[in-house]
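Work through these exercises with the model open beside you. Try each task before reading its solution.

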Amino acid sequence: MTQESIQALSALGKAVEVTSGNLANVNTPEYQARRLRLEDGPGGRGVRASHVDVDTTLGPPIAEQRPVDAGRAAAPRSGSNV
């Protein structure tokens, strides 16, 4: 296997790791999604993982309250920035 192939498989593994972390934490309050940046490999050949960015944009609150109807308690609404 060539070095470029090994780097590409490593980058793919890291991408799966980042994505699975985002999915596992989709309902975690205050969780900020991660995104993997990729870059060219040495000499412009292949691809490799560069670094992981944290999404700092604010998503909707996890347990935002919204009225259901008069006389009943508000129902929680879920959301995330993932």
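Patches are made of residues with over 30% relative accessible area and no salt bridge, and nonpolar side chains are joined within 5 Å. Keep in mind that this is a predicted model.

**Exercise 1. The overall layout**

Find which elements the protein chain has, and in what order they run.

Step 1. Count the elements: there is one helix and there are four strands.
Step 2. Read from the N terminus: the order is α-β-β-β-β.
Step 3. Check confidence. The chain has a mean pLDDT of 80, and 70% of its residues reach 70 or more. Among the elements, strand S1 has the highest mean pLDDT, 94, and strand S4 (residues 75-77) the lowest, 53.
Step 4. Look at burial: 12% of the 82 residues are buried.

**Exercise 2. A nonpolar patch**

Work out which residues make the nonpolar surface patch.

Step 1. Collect the members: Met 1, Ile 6, Leu 9, Leu 12 and Val 16.
Step 2. Note the area, about 550 Å².
Step 3. Place one member. Leu 12 sits in helix H1, which covers residues 3-24.
Step 4. Test its exposure. The cut-off for exposed is over 50% relative accessible area. Leu 12 has 52%, so Leu 12 is exposed.

**Exercise 3. An annotated region**

Describe the secondary structure over residues 7-32.

Step 1. Start from the record. An unreviewed UniProt entry lists residues 7-32 as "domain: Flagellar basal body rod protein N-terminal".
Step 2. Read the content: 69% helix and 0% strand.
Step 3. Take the span: the end C-alpha atoms are 27 Å apart.

**Exercise 4. An unusual phi**

Decide whether the phi of Glu 30 is positive or negative.

Step 1. Recall the rule: most residues other than glycine have a negative phi.
Step 2. Compare. Glu 30 is not a glycine, yet its phi is positive, about 70°.
Step 3. Locate Glu 30: it lies in the loop between H1 and strand S1 (34-40).
Step 4. Add exposure: Glu 30 is exposed, at 76% relative accessibility.

**Exercise 5. Salt bridges**

State how many salt bridges the structure holds, then examine some of them.

Step 1. The total is five.
Step 2. Lys 14 pairs with Glu 17 at 3.3 Å, N to O. Both are in helix H1, three residues apart, about one turn of the helix.
Step 3. Asp 53 pairs with Arg 37 at 2.3 Å, N to O. Asp 53 is in strand S2 (residues 47-54) and Arg 37 in strand S1, so this pair ties together parts 16 residues apart in sequence.
Step 4. Arg 48 pairs with Glu 39 at 2.8 Å, N to O. Arg 48 is partly exposed, at 31% relative accessibility.

How values were computed:
Residues numbered from 1 in each chain as written. Heavy atoms only, no water. Patch = residues over 30% accessible without salt bridge, like charges linked within 9 Å, V, L, I, M, F, W, Y side chains within 5 Å. Areas by Shrake-Rupley, 256 points an atom, 1.4 Å probe, with all protein chains shown as cover. Salt bridge = Lys/Arg side-chain N within 4 Å of Asp/Glu carboxyl O. Helix = DSSP H or I, 4+ residues; strand = E, 2+ residues; numbered from the N terminus. Buried < 20%, exposed > 50% of the residue type's maximum accessible area, 1.4 Å probe, protein only. UniProt positions renumbered as here; feature names shortened; annotations may be inferred. pLDDT = per-residue confidence, 0-100.
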